[in-house]
Amino acid sequence: MYTSEMMIALIIQIGVIMFAVRIGRRIVRYLGIPSVLGELIAGIVIGPFALGGIPLPGFPNGLFFVEKLAGNMAVSPELYAFSTIGSIILLFSSGLETDLGLFLRYSLAGGIIGIGGVLVSFISGAALGVFLLGYSATDPLCLFLGVISTATSVGITARILSDQKKMDSPEGVTIMTAAVFDDVLGIIVLAVILGFTTLLVDKGGSFNAVSVIGIAGKVFGIWLVFTVLGLVFSKKIAAFLKIFKQSYDFSILSLGLALMLSGIFEAYGLAMIIGAYVMGLSLSKTDIAALIQERLHGLYEFFVPLFFAVMGMMVNVRSILSRDVLIFGAVYSVVAILSKIIGCGGPALLLGFNLKGGLRIGTGMVPRGEVALIIAGIGVSWGILSELLFSIIILMTLVTTLVAPPMINIALRIPGSGAKKDGMMEDSASASWEFYSDAIASIVMDTLLNNLKAEGFFVQMLNIDDGISQARKGDVVMSIKESENTVQIETLRPNINFVKMAMYEAIIELHFTVVKLKNLSYTDVLKKELSEMDGAVPCDALELIQSNCIVMDLKGETREEIIAELVQHLAYKGKLDDYDLVLHDVLQRENIMSTGMERGIAIPHAKTEGVKETAVAVGIKRTGADFVSVDGENTRIVILVVSPLKKHTKHIQFLATISAIFKDKKLVDSVVNAKTPAEIMEIFTGRAAFRA
């Protein structure tokens, strides 16, 4: 019985969390705040210390109440296990996105800044624990405060740099490079700290220098061995996975390898996420890395927000609002911000940047975000962090993630170059292309990225919500952003010609594809498909036809004149928001490929932003007009369909229904010979009833 009740509660809890995180994300995106904070705050709101503790039918103590806490966790072990899978998927994806070539190529500058940020942040965080808590510097609690301070969420910075057109500035490139080191070094430090914590537990709190060095060497050795083996045998691992052929199969199995390696790392006293990151890093340079990310995106969207919500649910609202937590959290936040500015900005001054450049780099490394939450969750699961300290860490993460965007924007707006010498790096340049629709922009973007991958570029999605990607190969670095119907690319000025040529080739490739598709549709496919339609389609779409939108005697002689006449009729009946836009979109669609069908039927149509709802106009041209139809006959019945561009409609269903029912030549003659709109409506109504 207990198992059944537990499963029921778990299923309902996950369902509630799914809604909560989506609502939270929508709210914070509207406010311009990173979505991870919306998921975290949603967890706080519905958690056992807030709404989740309110009695409900069947849940007398609240939906998320846990009778016996597991260690310091305020959620059930089953729900926490689900969230752990989310953290593994997140770090596996981070490993897949890591540009190992960039890591090695820019090892000097990026390494110095990354090491500086990690060292200063770690020492500052640990020292704060010593000062405010009164513990020794080797206490696991102080060490965890230090390692959490080292985290960086570069996705937030990437969005701001892209908005300010600074992604490929000297500071932008340096931040992206240092962030790679930050991730790798942070993982290593976490592994050593967990090994050190295990040593303290095994030794009962006593240790010496030799044992400390020994455990650090052991932990680092395990990480290094698995990482080296993974990189050496990465192609063989990929080849093994591809035995399963289907991309969804080998993508899921790659996650299976990440889960198994995570378990092995946990068994050796290291965190699961380290094993997940190592597996992702091992596959990052293979030809299936990008495909794995794409195929696992659905799982990512399910499990990762669940993880952040669970982290929020473990925050005691009363604790986080207490005087001690607010003071400690405020001090910790200030220390975390300053440590990154000093630790990353300071070394930048030795690498050709001035104070402005150092400030920009330092503030760019401030956001903590996802990684800090993962490490905090590990601290809770290991019993290291108390409820109060977990609340303090959550507060620091919220503050650093919220204040980072305005700080970075202010630093970027300071006039002047961030480099000591103007020739340190070339000026950045940008180019943008505006396309007819969002769909076309997405297709062009995908084609461009695929072509760059074929050229040997490492392509990384930096911020999926804002459509920001980065491509790197050697000294050529470009940031690519898709926003509605526009694709914008930023790069260094010497590379702008390459960028324009790459975009030109992508557009030409798509043009040839469209030409081939057009020819194929006319010569081989369209007529065959039309002849094979059997009318077995839903006919409720015919309800879109209204008698007041039927024109019994079209005056136009050409297809352009007839289309304009029907669009004008819809405008007169109040069906359109923008007559000119609708007419433009319909004619543009008609010029791509004629909508003249067989047996004297034409269905000019388009999806457009000029209407809010689907509108249909029917026109009769008894003498016929040339619509360049498939069978060469003149068109006598013209049915115009326009639907909103960004809304679910019956557009295609209506087109299919009309194409199917007018296979009946008698029906065509009946409509043409009808005397009034009411007669035509009776014909369509009878046809729909017959089909139904």
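Reader: In strand 4, which residue is the bridge partner of glutamine 470?

Author: This is a predicted model, where local features need pLDDT of at least 70, side-chain atom pairs count only at pLDDT 80 or more, and totals for chains, interfaces and linings use all residues. Numbering runs from 1 along each chain as its sequence is written, and side-chain values use heavy atoms, with hydrogens and water left out. Strand 3 (residues 468–473) and strand 4 (residues 476–483) run antiparallel, joined by 6 bridges; strands are DSSP runs of E, at least two residues, and helices are runs of H or I, at least four, numbered from the N terminus. Across from glutamine 470 in strand 4 is serine 479.

Reader: Which residue in strand 5 stands opposite glutamate 482?

Author: Strand 4 also joins strand 5 (residues 486–492), antiparallel, through 6 bridges. Two strands pair if DSSP finds at least two bridges between them. The residue opposite glutamate 482 is valine 487.

Reader: What is the phi of glutamate 484 in the turn?

Author: Strand 4 and strand 5 form a hairpin with 2 residues between them. Glutamate 484 sits in that turn, and its phi is positive, at about 55°.

Reader: Is serine 87 buried or exposed?

Author: Serine 87 lies in helix 3 (residues 77–97). Beyond its neighbours within four places in sequence, serine 87 is in contact (heavy atoms within 4.5 Å) with Ile273, Phe307 and Ile374. Buried means under 20% relative accessible area, exposed over 50%, partly exposed in between (1.4 Å probe, protein chains only). Serine 87 has 6% relative accessibility, so it counts as buried.

Reader: Where is confidence highest in the protein?

Author: pLDDT is the predictor's confidence in each residue, from 0 to 100. The protein averages 81. Confidence is lowest in helix 4 (residues 100–105), at a mean of 61, and highest, at 92, in helix 16 (residues 323–348).
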